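Colleague: I am new to this structure and would like a close look at a single part of it. Could you take one turn between two helices and describe what surrounds it?

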Amino acid sequence: MQESLFGQGVGIGQIPEAADPSQASDPVLDTVIREISKPGRSALEQRFARVFRASIDEVLDGRRTMRFDFSKVSPVEKSYLGAKVEILAREEFGYGHGSVLDYLIGGHEVDAKFSATGDWMIAPRNVGCLLLVMKASEELSIFSVGVVRAHDSLLRPGATRDSKRSFHASGKGSIRWLVEDAPYPQNQVMQLYRRDPEAIQAIFASSKSGQKRVNELFRRLQGVHVNRTTIQTVAAQEDSSKRVRDARAALREDGILILGYHRRHRVIAEALEIDPIAQGQWVAVRVYPAEPDSPVPQAIINGTPYRLAADGEHKKSAPVIPNE
């Protein structure tokens with residue numbers, strides 16, 4: 001055992017077991033919670049949400065694999081997700097490296113524990129240590145983050161072959177939640193698949209060409225704000241912006257505009273009463289020259305008024321937007 005601030009014979013980050021750990025004073029735990037909470041609750045939620053979305057997307061690796069269903073990722077890759085969350089959380093918040101545990105937060109060592117189910121496995125070396133426990137459900141797109149000291153009395157007596165144990169119900173009740181069941185950005189391709197599986201299957205089966213798959217995506221999913229990760233997954237390529245530019249040219253004869261974050265595009269989207277387009281998003285819409293005095297929303301493009309095309313309406317070429 002290593003010497004710690006709490007005395008001889010207690011490991012780094014550990015304190016002696018209290019009679020009732022859930023009621024015991026733990027100033028080190030309080031210090032760590034204050035340090036983690038410095039950004040404020042709203043910012044904390046947003047930043048951890050980015051960590052979970054980016055971690056899962058990196059494991060899916062859609063731009064190389066075209067995968068979007070995390071349930072079909074191999075067990076080995078799923079086990080890597082915890083390491084990826086640990087790394088990206090350190091980068092996002094600037095946590096230091098502990099000499100024994102994963103993080104150094106507010107001058108104290110803390111171990112990172114991630115679980116998709118909320119059953120964190122605690123190794124013998126972590127008993128008595130401070131833990132940053134994190135969980136995320138890709139099915140529900142929600143996550144939780146908390147801090148707890150892994151007292152022995154908070155753990156189930158039964159252990160796995162490698163002597164790891166999990167928290168019992170009262171142990172989980174001792175977790176100090178900083179964020180609980182907050183949303184993180186959804187896996188957009190999976191979301192679209194649940195809404196219209198035939199469309200997504202058709203897009204991925206349409207061609208061996210990544211560009212043609214992106215064209216088919218915008219042809220089928222009009223009015224949907226498509227993000228960069230979705231483009232990379234469908235195209236199985238890195239350069240999402242080029243794929244969108246080429247799709248814009250390919251679909252123009254079908255009357256389809258693909259609007260992005262460019263200022264002119266956002267002005268057109270606002271005039272057509274399309275929800276605001278964020279950076280890294282694109283939305284395809286089919287347009288049609290507007291009739292004089294038409295009461296429907298319309299945008300002036302190159303001096304000509306355009307409105308959203310009606311279903312079944314004869315296609316007319318979409319205009320070229322200058323400086324796009």
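Modeller: Let me start with alanine 236, which counts as partly exposed because its relative accessibility is 28%, a value that falls between the limits of 20% for buried and 50% for exposed. The model is a predicted one, and in it alanine 236 is placed in the loop between α9 and α10. Its backbone deserves attention too, since alanine 236 has a positive phi of about 55° although it is not a glycine. As background, most residues other than glycine have a negative phi. Another residue with this feature is serine 163, whose phi is near 70°; serine 163 belongs to the loop between β5 and α5 (169-173), and with a relative accessible area of 39% it is partly exposed.

Returning to the two helices on either side of alanine 236, the axes of α9 (residues 228-235) and α10 come within 9 Å of each other and cross at roughly 80°. The two helices are therefore roughly perpendicular, as the range for that word runs from 65 to 115 degrees. On the side of α9 the contact is made by Arg228, Ile231, Gln232 and Ala235, while α10 contributes Ser240, Arg243 and Val244. Sorted by class, the residues in this contact are three nonpolar, two polar and two charged.

One of these residues, alanine 235, also leads us to another loop: its C-alpha is 9.5 Å from that of lysine 208, although the two are 27 residues apart in sequence. Lysine 208 sits in the loop between α7 (197-205) and α8 (210-220), and it counts as exposed because its relative accessibility is 87%, where the limit is over 50%.

Further along α10, which spans residues 240-251, we find arginine 248. Arginine 248 is buried, because its relative accessible area is 7% and the limit for buried is under 20%. The side chain of arginine 248 reaches the backbone oxygen of isoleucine 258, at 2.8 Å.

For a wider view, the largest nonpolar core has 37 residues, and those with the most contacts inside it are Ile36, Phe48, Phe52, Leu132, Met134 and Phe143. The largest share of this core, eight residues, comes from α2. Apart from it lies another core, of 23 residues, which includes Val244 and Leu251 as well as Phe68 and Val189. Val244 thus links the two parts of this description, as it is one of the residues of α10 in the contact with α9 and is also among the residues of that 23-residue core.

Key: Residues numbered from 1 in each chain as written. Heavy atoms only, no water. Helix = DSSP H or I, 4+ residues; strand = E, 2+ residues; numbered from the N terminus. Buried < 20%, exposed > 50% of the residue type's maximum accessible area, 1.4 Å probe, protein only. Polar contact = N/O pair within 3.5 Å; in protein donor to acceptor, adjacent residues only side chain to side chain. Axes fitted to C-alpha atoms, helices over the stretch in contact; angles between N-to-C directions. Parallel < 35°, antiparallel > 145°, perpendicular 65-115°, else oblique. Contact = heavy atoms within 4.5 Å. Nonpolar A, V, L, I, M, F, W, Y, C, P; charged D, E, K, R; others polar. Core = buried A, V, L, I, M, F, W, Y, C linked by side-chain atoms within 4.5 Å.
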